[in-house]
Every structure is written in C-alpha cells, then in structure tokens.
Amino acid sequence: MGEAKSNVSMAVDEAIEQALAETEGLDGALMPLLHAIQDRLGYIPTSAVARVAHALNLSRADVHGVITFYHDFRTSAPGRHLVRLCQAEACQSMGSAALAEHAKARLGVDFHHTTTDGAVTLEPVYCLGGCACSPTMMVDGRLYGRVSSARFDEVMSGLGDA
Amino acid sequence: MSATVFVPRDSAALAVGADATANAIVQSAAARGEEIRLVRNGSRGLFWLEPLVEVATATGRIAYGPVTAADVPGLFDAGFLTGAKHALLRGPTEDIPYLKNQERLAFARVGVTDPLSLADYEAHGGWRGLHGALARGPAEIVDDVVRSGLRGRGGAAFPTGIKWRTVLQTEADQKYVVCNADEGDSGTFSDRMVMEGDPFLLIEGMTIAGLAVGATRGYVYLRSEYPDAERMFAAALRIAREAGYLGPNILGSGKPFDLELRRGAGAYICGEETALLESLEGKRGMVRYRPPVPAVKGLFGRPTVLNNLVTFASVPVILERGADFYRDYGMGRSRGTLPFQLAGNIQRGGLVEKAFGLTLRELLYDYGGGSATGRPIRAVQVGGPLGAYLPESQFDTPLDYEAFAAIGAMLGHGGVVAFDDTVDMAKMARFAMEFCAIESCGKCTPCRIGSTRGAEVIDRLVSGERREANVELLRDLCDTMVHGSLCALGGLTPSPVLSALNHFPEDFGMPAVPKARAA
C-alpha cells in the first residue's frame with residue numbers, strides 16, 4: 001500500500017485517540033470508551049477494535065463481543081439523523097404500531113435501515129420514559145411525546161435535509 | 001417586583017413543547033416590559049397538564065396547563081403573572097386533587113425546586129438525611145433502614161436494610177455502591193424524573209449507603225435512552241463535588257465518597273443486577289450465577305450495595321425523620337410509599353406517589369380518569385414487560401407486594417400501563433415472547449430458545465392450528481422458562497403470556513372466561 005492515509009481514516013484515528021485519552025484510568029473502561037468513540041464518529045469502525053483491545057489489554061474477540069452485544073453500538077455510519085420509535089407496551093396502547101407503519105411508508109425504509117439519501121436511520125426502541133405521553137419517539141437525542149402521524153411528518157420536514 | 005415563573009425541563013415536558021413555551025414566555029415578557037425570573041424546574045408528574053406553567057404568588061404557586069407557546073400571549077393578556085383567571089388556570093398547584101392526595105416522600109421536591117440549585121435543595125429539606133447519617137455509626141444507619149421496612153423498589157422487593165447489613169458485615173479492601181438507573185420497563189419513568197428533577201437526592205441517598213456499609217466509591221448505571229437525565233445528573237455531580245458533598249472529605253467529616261456516572265447501551269437485560277455489574281466491568285451484559293450475591297461478591301468481585309434509584313431516593317427521608325415515620329405508611333409487609341407511574345392509554349397519566357394499599361382501580365380511575373380514548377379499560381399491565389396483565393375483575397386488588405403475588409402478578413417498579421378494549425391480548429402475549437427473544441442475554445437455554453419457540457407456538461395457536469395441543473405446549477414451555485431460567489427475564493416472561501391466555505382466551509380463538517368465574 002504505502003499510500004498516505006486518507007483524511008477520513010486520519011479523522012477516525014484521531015477520534016479513537018481522543019476517546020482513549022478521555023477514558024484513561026477508568027475501571028471497567030470499555031463501555032465508556034466505546035461510547036466516547038461512537039459519540040465522536042456516530043459508529044465504531046472495525047479499525048478501532050484492535051486499538052481498543054490493545055489499549056485495554058483485552059482480546060479483539062472480547063471487544064467485538066461487547067460491541068455486538070449492545071443494541072446501541074453500530075459498526076457502520078448511520079444516517080445524518082437517527083429516528084427511534086418507541087415500540088414498547090405503553091406506546092403500543094396508544095397506537096405506536098400504526099405510527100411505525102406510517103413512518104416506514106413515509107421514509108421508505110424498514111426498521112434498522114437508512115434512507116437511500118443517507119438522511120434518516122429508523123430504529124425501534126423499547127421505552128424512552130415518556131410513557132405518560134405515548135406514543136413517543138426520539139430524534140437525534142430529543143424526545144417527542146403524543147406523536148401523531150401528522151406530528152411525525154412535521155418533525156421530519158423540520159429536519160431540513162431529510 | 002419581578003414574578004417567578006416555573007416551566008419544567010423534565011424530558012417528558014420538553015417532549016410536548018416546554019422549551020417553546022418557556023421561550024415564548026421570555027419573549028412576551030421582554031416585549032411587554034414585564035420583569036420575570038424563569039425557573040426550569042422538574043415535572044410535578046401531572047403529564048396531561050404538561051407543559052405545566054406555574055407562577056409564584058403571595059398565596060403560593062398557581063398552575064396553568066397545558067400551556068403551548070401559542071397560549072402565552074393570551075396568558076399575559078389575562079395577567080397570569082398575578083395568578084389571574086384564564087381558561088388554562090388550574091388553581092393553586094398543591095390543591096390540584098391529583099397532587100393534593102398524594103403522599104410524596106421521595107418525590108417531595110421533584111417539580112418544586114430548580115434541580116441544580118443547591119440552595120433550593122437545602123431550603124427544601126435536602127441533606128438532612130446525610131447529616132443524620134454522619135451523626136450515626138454504620139450499624140445504626142443500617143438498623144434504621146431495616147426498621148423502616150424499606151424494600152427494593154426495582155421490582156424484587158428484597159429488604160434493603162438486610163442487603164446493606166450483608167455488605168457491612170463482609171470484610172473487603174474496597175466496597176461499592178451501585179445505583180440501577182437502567183429503567184427499561186415500559187410504563188416507568190420515576191428514576192428519570194428524579195435524575196432530571198432532583199438529582200441531589202440520589203447523591204444524598206447513595207452517600208448515605210456508602211457511609212452505612214463502608215463503601216467509598218459508587219456508580220450510577222444510567223440507560224442511554226435518557227440523554228437529558230444524563231446531562232442533568234452529570235451537572236449535579238460537578239456541583240455537589242465542588243461544594244464538598246462528594247469527594248475525599250464529605251462535609252468535613254473526614255469520610256470519603258465519590259460517584260461516577262456510567263451510560264448503558266440499550267440492553268434491557270442490564271437492568272438485571274448481575275448483568276448490570278458485568279456491563280459496568282466492561283463486559284457483555286450476561287447474567288451471573290447466584291450465589292454469590294452482589295452484596296458479598298459484586299462489582300469487580302467486591303461487596304456491593306446494588307439498589308434501584310428509587311430505593312436510594314427513599315433513604316434520606318428515613319434518616320431525616322426516622323424509621324417509624326416511614327414505616328407508618330403502607331400495609332402488611334409493604335411499608336412506606338411507592339411512586340406509581342400511570343401510563344399508556346390513560347386520560348391523566350403521571351406520577352402518583354402513595355402509600356401501599358390503595359387499589360389498582362383507585363389509581364386507574366380516581367387518579368387516571370379512565371382511558372385516554374374514552375373506551376373501557378380492558379387490561380392493565382403492572383410491573384413492566386415482565387408483569388402480568390390484569391383484567392377488570394382484578395382491579396380491586398390493593399397495591400401491595402403480597403396481594404399482587406397472591407394473584408400471580410407483581411408491582412415491580414410501579415409502572416401501570418392501561419389498554420382499552422381495542423387491545424389484542426394474543427398480540428401482547430406474543431410481544432412478551434418477542435421482547436424476551438430480542439433482549440435475552442443468551443446465557444440460559446429456556447430464555448434464549450424458549451422465547452423464540454414461544455412466539456412461534458402463539459402464532460400457531462392464534463391461527464387455529466391444533467389449539468388444545470398448542471395451549472398445552474405453551475403452558476409446558478412457560479413452566480420450563482419459569483423454573484429453568486437464570487434470571488427474571490426468562491423467568492417472568494411467562495407472566496404476561498399466561499395472564500393474557502388465562503384472562504383473555506377469546507383473543508386466542510378460544511371460549512371466553514365465563515363472567516361468574518372471571519369475578
């Protein structure tokens with residue numbers, strides 16, 4: 001190979017080093033470290049596994065095992081916006097299944113998928129703690145309650161690039 | 001004189017527009033030359049009134065709600081800064097029956113104070129429990145907690161004081177206090193409300209636990225689905241540390257205690273205590289075999305007090321006002337209060353902290369006002385996704401650990417989710433199995449495989465295939481899961497499944513339960 005590293009991979013390396021520095025010395029540092037990487041990059045690149053394993057004196061299998069165990073950790077970049085629709089019981093009692101159908105139709109994707117323009121990744125989630133204002137959803141970390149189909153469309157239109 | 005206006009910053013209030021309301025209030029006030037002081041409090045837990053705006057007047061706080069940004073100019077026109085009449089006026093906040101009839105011990109300050117104001121916390125009784133604890137020895141603190149009758153509020157209801165005593169009596173070079181704030185049960189939000197609305201309370205409760213058992217370090221394991229709670233609690237930790245409530249020398253007592261906040265990663269199983277410990281240690285959230293219990297061998301193999309957030313939040317009042325004060329609330333062996341959470345298809349959803357003993361019906365109708373859709377409430381799931389579905393004939397059951405156990409149900413973390421008569425209970429039973437399959441850690445076979453097979457059997461049953469044989473198979477499978485699973489996920493998933501099947505067989509294509517028997 002011998003080529004200079006691309007800007008992207010340099011940015012990835014830098015993010016990983018920053019995350020390592022931020023979580024250095026913590027007991028049981030793996031989870032905070034993986035979060036610190038994903039907070040910066042939006043996902044945990046495969047190239048991070050060896051570096052993380054080395055830094056924490058773990059096997060690569062250990063690190064891979066943890067990344068794949070937890071629903072939150074992703075190994076490829078998500079869309080520019082992350083839309084999580086609550087599908088747990090309280091939201092079901094207020095029509096979350098119909099809302100999910102509407103969302104899938106409007107975005108043209110199923111759960112766990114990203115729209116072809118890369119704008120939105122749609123995920124199910126099991127409880128956002130807004131159960132007295134069901135159905136709920138979370139968009140880029142922001143909670144929305146009493147979400148009707150119309151409200152969903154409004155929020156999606158408000159994303160600008162979605 | 002400037003008026004003080006309260007607009008909650010609880011995430012459920014934000015979810016229905018509290019920020020827009022707050023901005024509109026600030027802008028309208030500026031445009032009209034009115035001087036106001038805006039306080040972003042926690043939520044009172046009256047979520048059908050959110051965004052609930054309060055104004056401090058000479059006669060106490062006056063409530064208006066639900067107030068959208070569009071309502072704000074009208075409120076100013078009406079003179080709401082002095083508590084004037086308006087269509088959204090709800091009167092003095094404390095006199096709203098929903099709130100007035102509650103017995104708020106853990107939630108005494110939530111929604112009242114500015115969550116990050118140490119001055120507010122102290123002015124409203126904060127740190128008194130901690131001062132009480134610092135004046136006592138570890139054994140005395142543990143004794144108070146034992147005598148209070150407090151039981152774990154996460155769902156298992158194990159006596160808190162007994163757990164603390166075990167940790168106190170176990171010798172170790174390092175002990176830990178861990179808070180389970182992985183509030184994954186659908187229909188629950190009390191942990192979130194405390195973290196967002198009164199975070200110093202959790203710090204105080206955990207510090208008392210540390211003093212009681214000789215632990216110097218603590219962790220709060222918070223689910224990732226609560227980003228607002230994470231920000232608030234992180235800020236509270238910094239403030240408490242700077243003020244000397246945490247650190248090497250708490251309040252000059254010479255005793256050290258400090259806390260760290262850790263974020264989960266979307267695994268429901270990490271609400272199970274041993275999976276939570278594994279996760280804190282940086283591993284997959286796999287359930288551990290017990291014994292040893294965490295009180296003997298917990299985090300990093302050390303004795304660990306591991307309690308639910310509401311358990312810790314209930315401790316300061318016990319140390320402040322005494323074990324007897326707390327014990328006087330409740331019934332039977334369920335002492336004190338539980339913050340019930342009314343959710344789902346309910347007209348007045350919210351937080352109701354009451355002594356044990358009121359009935360489910362009182363909670364659903366006197367507080368909740370019936371279903372949100374106006375249709376009859378057909379089924380209620382109490383205690384989260386692993387809790388049983390209760391039919392109307394069981395609504396008079398008192399909310400008490402033993403009374404619920406006697407009908408094969410559980411109170412769990414106090415979540416109550418109502419469904420109207422459009423619910424398909426076979427679908428809910430299938431969902432319980434499906435959820436278990438999604439969230440199983442995979443360590444034991446009954447849970448890992450049983451949940452998937454369970455969903456398949458329910459599908460066959462509903463499609464009418466060999467109905468009797470499949471009912472028998474489902475019951476047999478549930479029996480295996482109950483008795484063969486390592487933890488409550490596999491062990492309790494049959495609870496919603498079988499309660500749905502037993503009380504609502506007609507949804508599975510079988511004859512309905514005769515009315516007489518149902519009653």
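**Helix packing and domains in chain B**

Student: Are H9(B) and H13(B) parallel or oblique to each other?

Tutor: Happy to help, keeping in mind that this is a predicted model. Helix H9 (residues 190-197) of chain B packs against helix H13 (residues 309-321) of chain B at an angle of about 55°, and their axes are 9 Å apart. That angle falls in neither the under 35 degrees range nor the 65 to 115 range, so H9(B) and H13(B) are oblique.

Student: What is the handedness of the crossing as H9(B) passes H13(B)?

Tutor: The crossing of H9(B) past H13(B) is left-handed. H9(B) contributes Ser190(B), Asp191(B) and Val194(B) to the contact, while H13(B) contributes Leu309(B), Val310(B) and Ala313(B). By class, that contact has 4 nonpolar, 1 polar and 1 charged residues. To come back to your question, the crossing is left-handed.

Student: How many residues of domain 3 of chain B are in contact with domain 2 of chain B?

Tutor: Let's place the domains: in chain B, domain 2 covers 118-327 and domain 3 covers 331-420. Their C-alpha centres lie 26 Å apart. Domain 2 of chain B brings 19 residues to the contact, and domain 3 of chain B brings 20.

Student: Which helices of chain B each supply at least two residues of the side of domain 2 that touches domain 3?

Tutor: By class, that side of domain 2 of chain B has 6 nonpolar, 10 polar and 3 charged residues. The helices of chain B that each supply at least two of its residues are H9, H13 and H14 (323-327).

Student: And in chain A, how far apart are the centres of domain 1 and domain 2?

Tutor: Chain A is assigned domain 1 (7-69) and domain 2 (81-158). Taken over C-alpha atoms, the separation of their centres is 29 Å.

Note on methods:
Residues numbered from 1 in each chain as written. Chains lettered and ligands numbered in written order. Predicted model: local features only at pLDDT ≥ 70, side-chain atom pairs only at ≥ 80, totals over all residues. Axes fitted to C-alpha atoms, helices over the stretch in contact; angles between N-to-C directions. Helix = DSSP H or I, 4+ residues; strand = E, 2+ residues; numbered from the N terminus. Parallel < 35°, antiparallel > 145°, perpendicular 65-115°, else oblique. Left-handed = near helix turned anticlockwise from the far one by under 90°. Contact = placed C-beta atoms within 7 Å. Nonpolar A, V, L, I, M, F, W, Y, C, P; charged D, E, K, R; others polar. Domains from an automatic or database assignment.
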